[in-house]
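Dear colleague,

I am passing on the structure we spoke about, together with notes on what turned up when I went through it. Please keep the sequence and the coordinates open while you read.

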Amino acid sequence: MNRDVSAYHPRDPREFPNWEFEHLDVEYDPATRAVWMKYKASAPHYYPLEMFLEILDLRESVRALFESGLVRDWPVRYFAAGSNKDTVFALGGDLAMFVEIIKQQKRDFLQRYAHVCIDVMHGLRTAFSLPIVTLSAVHGQCLGGGFEGVLVTDFLIAEETAKFGVPEVAFNTFPGMGAVSLLTQRVGSAMTETIISNGSVYSGEEMYRRGIVDVLAPSGGIRATADAWMMEGGEERWLRRRTLADARRNCFPVSHEELLQIVDLWVDCCFSVTDQDLRHMSRLVAAQKRLPARRKSEPTQSHDGKG
């Protein structure tokens, strides 16, 4: 990867919504006034550095769309994250890379990867500093950094059968990309400690009961549910949600500096793991490679949710 990670490459606003990315599909839905970012079916189940950089490019592209004034023709209320994969939303960090970098003791590279991730997280946390509402629409497995990535959006919609969890305790690290702060805000420190320390996997329905998922969808109905939720109540409901999201950010701020401090502790922790921990990471990598990616069709029914 030869690209300068501090340089962004926004797409031309005049070409919206036909922006092209290697790992991301971009869609504009005029009915909901939503920009959808979906992980391509052909993309890795994990987050390589290149995917993070593309998400940053998309962030800057959406900002450029607003700055250009073209939102008069393409009004945007929502930025939604989804996946075109079948059984997977996202499985988090690039474990194969982690193993090799730790073995080679290349701390600077891992720290660079982590800091780019924090740039992505903070951008979503602040809704790109734009007058929009962010949401994640989750089906399938959403684990580790994938789970952290959906916690950072304003609202979380998930299928009943979606799978959430942070498995880092299994190889003696912890979720360093924001889960501690973001979960604590949603459910308090005791529940956060339980979720992080036991490494269990929870269904979307279980996460809904715990107050982590905001809206519950039937299995296979994630897009229909997300669309119905965004269209519900029109402009008035959108404004209420945006006000609520802004209030959360003001009352429970998560600064860029806080996220960087935590992720630097995570980097330190990664370089203290044992060979046995690295072997366990390698087994998880092998399991990830066996997962299918093709997305099945989905029915149109939806469930009521909060928001």
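Strand 2 and strand 3 pair in the parallel sense, with 6 bridges between them, and within this pairing Val-35 stands opposite Phe-79 in strand 3. Please bear in mind throughout that this is a predicted model.

On its other partner, strand 2 (residues 34-39) runs antiparallel to strand 1, to which 6 bridges join it, and here Leu-24 is placed opposite Tyr-39 of strand 2. Helix 1 (residues 49-68) packs on the sheet, where it touches strand 1, strand 2 and strand 3 (78-83), and its direction makes about 25 degrees with that of strand 1. Helix 7 (residues 222-231) also packs on the sheet, touching strand 1, strand 2, strand 3, strand 5 (133-138), strand 7 (155-159) and strand 10, with a direction that makes about 145 degrees with that of strand 7.

The sheet to which these strands belong is an open one of 6 strands in the order 1-2-3-5-7-10, with mixed pairing. Its edges are strand 1 (24-29) and strand 10 (215-217), each of which pairs on one side only, and the twist from one strand to the next averages 20 degrees.

Strand 3 deserves a closer look, since 6 of its 6 residues are buried, so it is largely enclosed by the rest of the structure. Tyr-78, Ala-80 and Gly-82 point one way from strand 3, while Phe-79, Ala-81 and Ser-83 point the other way, and all of them are buried.

There is also an open sheet of 4 strands, in the order 4-6-8-9 and again with mixed pairing; its edge strands, strand 4 (88-90) and strand 9 (202-203), each pair on one side only. Strand 8 (residues 163-165) and strand 9 run antiparallel and are joined by 2 bridges, with Phe-164 opposite Tyr-202 in strand 9.

Phe-164 appears again in the interior, for the largest nonpolar core has 80 residues, and those with the most contacts inside it are Phe-147 and Phe-164. Helix 1 gives the most to this core, contributing 10 residues. A second, separate core of 16 residues includes Tyr-78, Leu-135, Ala-137 and Phe-155. As a general point, nonpolar side chains in soluble globular proteins tend to be buried together.

Among the helices, helix 9 (residues 256-270) allows a simple check: at 1.5 Å a residue its 15 residues should span 21 Å, and its end C-alpha atoms are 21 Å apart, which agrees. In helix 9 the residues Leu-259, Leu-260, Ile-262, Val-263, Trp-266, Val-267, Cys-269 and Cys-270 are buried, and the buried residues of this helix pack against helix 2 (95-104), helix 3 (107-125) and helix 5 (179-198).

Taken as a whole, the protein chain contains 10 helices and 10 strands. Its radius of gyration is 18 Å, close to the 19 Å that the globule rule gives for 307 residues, so the chain is as compact as a globular protein of that length. Along the principal axes, its C-alpha atoms fill a box of roughly 55 × 40 × 40 Å, and 54% of the 307 residues count as buried. Of the contacts in the chain with a separation of 6 or more, 77% are accounted for by residues 24 or more positions apart.

With kind regards

How values were computed: Residues are numbered from 1 along each chain as its sequence is written. This is a predicted model: local features need pLDDT of at least 70, side-chain atom pairs count only at pLDDT 80 or more; totals for chains, interfaces and linings use all residues. Side-chain values use heavy atoms; hydrogens and water are left out. Two strands pair if DSSP finds at least two bridges between them. Axes are lines fitted to C-alpha atoms, for helices over the stretch in contact, and angles run from 0 to 180 degrees between N-to-C directions. Contact means heavy atoms within 4.5 Å. The expected span of a helix is 1.5 Å times one less than its number of residues. Buried means under 20% relative accessible area, exposed over 50%, partly exposed in between (1.4 Å probe, protein chains only). A nonpolar core is a set of buried Ala, Val, Leu, Ile, Met, Phe, Trp, Tyr and Cys residues joined through side-chain atoms within 4.5 Å. The radius of gyration is taken over C-alpha atoms; the globule rule is 2.2 Å times the number of residues to the power 0.38.
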